[in-house]
Amino acid sequence: MQDPDATTPDAKLAASLLGPIVSSGHLASGAMPALSEFEFALSMTVHAFHRWMLRGMTAAGIPDLTPMDVLVLHNVNHRGKPKRLADICLILNIEDTHVVNYALKKLERLGLIKGGRKGKEKTASVTPAGEEACRRYAQVREQLLVKSVLATGIDPARLSEIAAVMRSLSGQYDQATRAAASL
């Protein structure tokens with residue numbers, strides 16, 4: 001849903017005077033200032049999301065987790081099927097497997113997941129305690145986050161479009177990363 005105030009003459013004037021909202025003006029001076037604006041918004045969103053995950057999981061009764069721990073727990077819980085380390089890393093787009101492996105070990109120590117095997121490969125499955133933690137987190141999320149986002153009036157279809165664009169841009173960043181590594 002477009003902000004109705006953004007189309008008023010005052011809003012257009014303010015936007016033209018401010019220019020893009022960025023954290024690094026030198027990066028916004030190139031051919032695509034909007035990309036710097038996106039990066040600043042993404043950075044703010046990532047940090048806010050990380051804070052939310054920690055506080056949301058603490059409210060659900062599981063304190064002292066890192067954002068990675070929470071992401072890994074939810075991924076292992078997804079569809080109730082055992083997950084391999086490589087699959088978790090692929091889905092979450094994480095290159096450093098040791099970071100995910102550390103989270104898996106921590107979650108196992110806390111009794112939220114359990115290790116297993118599929119052939120020669122180690123797997124991780126959610127335990128009943130882990131499922132319950134994810135369920136409580138989902139309840140807290142619905143009550144505190146989803147309710148407030150719905151109150152903004154944003155169209156869920158528009159939010160899905162934004163997510164699709166962000167996933168597409170992640171591919172552009174990955175491709176640029178590979179190119180930079182070859183320089």
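Here are a few notes on this predicted model, from one long-range aromatic contact to a small set of strands.

1. Helix α3 is a good place to start. It covers residues 33-59, and at 1.5 Å a residue its 27 residues should span 39 Å. The C-alpha atoms at its ends are 39 Å apart, which agrees with that expectation. Just after α3 comes Gly61, with a positive phi near 100°.

2. Which residues of α3 are buried? They are Ser36, Trp52, Met53, Gly56 and Met57. Trp52 deserves a second look, as the next point shows.

3. Searching the whole structure turns up one aromatic pair. Its members are Trp52 and Tyr137, with 5.9 Å from centre to centre and 50° between the planes, and the pair counts as tilted. The two residues are 85 residues apart in the chain, so to speak a link between distant parts: Trp52 belongs to helix α3, while Tyr137 sits in helix α7 (residues 128-151). Both Trp52 and Tyr137 are buried.

4. Turning to the strands, three of them make an open sheet in the order β1-β3-β2, and the pairing is antiparallel. β1 (83-84) and β2 (113-118) are the edge strands; each has a single partner strand, so one side of each has no neighbour in the sheet.

5. How many bridges join β2 to β3? There are six, and the two strands run antiparallel, with β3 spanning residues 121-126. If you would like a residue pair to look at here, Gly116 has Thr123 in β3 as its bridge partner.

Terms used: Residues numbered from 1 in each chain as written. Predicted model: local features only at pLDDT ≥ 70, side-chain atom pairs only at ≥ 80, totals over all residues. Heavy atoms only, no water. Helix = DSSP H or I, 4+ residues; strand = E, 2+ residues; numbered from the N terminus. Expected span 1.5 Å × (residues − 1). Buried < 20%, exposed > 50% of the residue type's maximum accessible area, 1.4 Å probe, protein only. Pairing = 2+ DSSP bridges. Phe/Tyr/Trp six-rings, centres within 6.5 Å; stacked < 30°, edge-to-face > 60°.
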